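Thanks for making time for this one. I would like to walk through a single chain with you, so please have the sequence and the model open as I talk.

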Amino acid sequence: MRIVYMGTPEFAVKPLAKLISHHEVALVVTKPDAAAGRGKKVISSPVKLFAQENHLRVITPLKFNEEVYREILAVKPEVIVVAAYGKLLPREILNIPPYGCLNIHASLLPFYRGAAPIERCLMAGEKETGITIMYMDEGLDTGDIALQEKVAINQEITGGELREILAEIGADLIIEALKRLREGGLPRVPQDHQLATYAPPLKKEDEIIHWADSAEKIRNQIRALNPVPGAYTVFRGKKIKIWKAKVGEFSGKKPGEIIFADRKNGFLVATGERGLQILELQPEGGKKMSWESFLNGYRPLVGETFEC
């Protein structure tokens, strides 16, 4: 089929890679280059970089206007495929392809509609997620469901690891969806909007560890935000990102207070419920390190506290 593909982050690269081996991708639409990192270096989206490497025509509109509409219309797509593009499509764009627009969404809709379904489902401690191929409409992930594939969530998996798994599944599932679409056998099941939950974009405050929360909630926050953007606390006036932790058995101390900090007992911090065993962390301006290395270098004391 002749396709216009819309996507931006790394999650959207694998489906695009799969599509170009099965179909004609006539145009790739992605977000404009943006400044990122400490140096505010201008970088291109992962989808743009992949498209350029594979000699695909790519455009990076700031917004949908008449010029963008004409560019998409000119390539005469049979279908538009979207994966984490980052913007809602207006009706004029949705109405261009005769087969409609399909979205690859990283949740089991109607659950976790929105921009951050992977992080939000991990933060909530969900045991299951998946990929939904959805017919797009003007709403936020409100269109009819075409296909779904469930994935059990390993309780140690990080956001980055789950993203890789779901991207691979999404790539395979969109190929199946397009095959059925062309043959006229792709299902169309309306969502139960009363069951809908939302996954709003991550904010800076989502990165802050609140030690009054339970150890399980904090552990889920840490793994959900690994590797980007990371969850952090403050120790001796400086930020420390915690990359890996597990729930310990201790309780009864002030949240954030260091209970143990030695090789025999480990590195245990009190929370609002039980303790949190710190396994891997990264001091501000430093590299990731094991808890043993942190103890050797910083010598944290029992009774010292991590701040919110």
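Let me begin with the lining of the largest pocket, to which strand S3 (34-36), strand S7, helix H5 (117-123) and helix H6 each supply at least two residues. Of the contributors, H6 gives the most, with four residues. I should say at once that this is a predicted model, and everything that follows is computed from it. The lining comprises 50 residues in total, and those that lie nearest the centre of the pocket are Thr8, Pro9, Ala84, Gly86 and Ala115. As for the volume of this largest pocket, the value is about 1,500 Å³.

Helix H6 also leads us to the sheet. What is the order of the strands in this open sheet? Reading across, we have S5-S2-S1-S6-S7-S8-S9, seven strands with mixed pairing. Strand S5 (58-59) and strand S9 (145-152) each have a single partner strand and stand at the edges, so one side of each is left without a neighbour in the sheet. At the S9 edge, the pairing with strand S8 (residues 128-135) is antiparallel and is made through seven bridges; to take one position, threonine 132 has glutamine 148 in S9 as its bridge partner. Helix H6, which spans residues 159-183, packs on this sheet, where it touches strand S1 (2-7), strand S6 (79-83), strand S7 (101-105), S8 and S9, and its direction makes about 35° with that of S8.

Turning now to helix H2, residues 46-53, which of its residues are buried? They include Val47, Lys48, Phe50 and Ala51, and because these residues cover an arc of only 165° around the axis, they are placed on the same side of H2. Their packing partners are S1, helix H1 (13-20), strand S2 (24-29) and S5. After H2 comes histidine 55, which has a positive phi, near 60°.

Finally, some totals for the chain. There are eight helices and 15 strands, and 49% of the 308 residues count as buried. If we take the contacts between residues at least 6 apart in sequence, 65% of them join residues at least 24 apart. Along the principal axes, the C-alpha atoms fill a box of roughly 65 × 40 × 30 Å.

Definitions and conventions: Residues numbered from 1 in each chain as written. Predicted model: local features only at pLDDT ≥ 70, side-chain atom pairs only at ≥ 80, totals over all residues. Heavy atoms only, no water. Pairing = 2+ DSSP bridges. Contact = heavy atoms within 4.5 Å. Axes fitted to C-alpha atoms, helices over the stretch in contact; angles between N-to-C directions. Buried < 20%, exposed > 50% of the residue type's maximum accessible area, 1.4 Å probe, protein only. Arc of directions from axis to C-beta. 1 Å grid on protein atoms, 1.4 Å probe; cavity = no way out; pocket = protein on both sides within 12 Å on 5 of 7 lines; lining within 4 Å. Points joined across faces, edges and corners; volume = space filled by probe spheres on them.
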